[in-house]
Amino acid sequence: MKRSVTTVPFGFEPSPEKYRGTLIYYDAFEDTTDEELDNAAKMAEERSFSTFVLYPLHEETAKRMLKYPVSAYYKRERELENWKEERGSGAYIEGFEAKRKKYTPMDTALRHLTDKFPAPHFLYLTPEMANLFASYSSFPEWITKLRLVLAAKPEHVHPLLEKYRSRWNMAGEQEEEA
């Protein structure tokens, strides 16, 4: 194998990467408005994330997690596609649950997402979904691997969510450099 030698001027420093990490919006997207999607996309752009992922839950997953039925997966996915087309957004709609067509535990979904997309990983959640996530036994393990961004301030904060307050912030707040 032939080696090629390249030289750089003295004092050369590579320019820092402008885009980094992945913002994952994990939700059922049943009652999510275009404005809420716009806010998440705006935050992804402002914080210079390289990838903005929308992760809609399958009906079976939503039924077990949220305890209420949601519309068919393909209908919610079509609404997200329409939003994406209208806004010209570069968001990526992850179809992992559409392929599985059954209940997918949050651990499995997060493992898939963190393996597929570049780090660091930020999970964008509604307050209800954040409290639900904090109630899972695997929460302490996951909160050390990713950061949470909450769409709004929760009325009641789960005790584990409060314990790990340094690992999450509100969508409107400025992020702390970790």
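Here are some notes on the sheet, its central strand pairings and the main pocket of this predicted model.

1. **The sheet as a whole.** Start with the six strands: they form an open sheet, paired in parallel, and reading across you get β3-β2-β1-β4-β5-β6. The edges belong to β3 (92-93) and β6 (168-170). Each of those two has a single partner strand, so one of its sides has no neighbour in the sheet.

2. **A helix on the sheet.** Helix α3, residues 73-87, packs on the sheet and touches both β2 (51-56) and β3. If you compare directions, α3 makes about 155° with β2.

3. **Strand β1, inside and out.** Is β1 mostly covered or mostly exposed? Mostly covered: this strand runs over residues 22-27, and six of its six residues are buried. In a regular strand, side chains alternate between the two faces of the sheet, so it's worth looking at each face in turn. On one side of β1 sit T22, I24 and Y26, and on the other L23, Y25 and D27; all of these are buried, so both faces are covered. The cut-off behind "buried" here is under 20% relative accessible area.

4. **From β1 to β2.** These two strands pair in the parallel sense, with six bridges between them. For a spot to click on, try T22, whose bridge partner in β2 is T51. To get from β1 to β2 the chain goes through helix α1 (residues 34-46), and this β-α-β crossover is right-handed.

5. **The other side of β1.** Strand β1 also pairs with β4, again in the parallel sense, over four bridges. Here I24 stands opposite L123 of β4.

6. **On to β5.** Follow L123 one strand further and you'll find it opposite L148 in β5. The two strands concerned, β4 (residues 121-125) and β5 (residues 147-150), are a parallel pair with four bridges.

7. **The largest pocket.** Its volume comes out at about 300 Å³. The lining is made of 15 residues, and those closest to the pocket's centre are A41, A44, E45, S89 and G90. Which elements give two or more residues to this lining? They are α1, β2 and α3. Of the elements, α1 gives the most, with four residues.

8. **Tying it together.** The pocket brings back parts you've already met: α1 is the helix of the crossover between β1 and β2, while α3 is the helix that touches β2 and β3. Both helices, along with β2, contribute to the lining of the largest pocket.

Conventions. Residues numbered from 1 in each chain as written. Predicted model: local features only at pLDDT ≥ 70, side-chain atom pairs only at ≥ 80, totals over all residues. Heavy atoms only, no water. Pairing = 2+ DSSP bridges. Contact = heavy atoms within 4.5 Å. Axes fitted to C-alpha atoms, helices over the stretch in contact; angles between N-to-C directions. Buried < 20%, exposed > 50% of the residue type's maximum accessible area, 1.4 Å probe, protein only. Right-handed = clockwise from strand over helix to strand, strands pointing away. 1 Å grid on protein atoms, 1.4 Å probe; cavity = no way out; pocket = protein on both sides within 12 Å on 5 of 7 lines; lining within 4 Å. Points joined across faces, edges and corners; volume = space filled by probe spheres on them.
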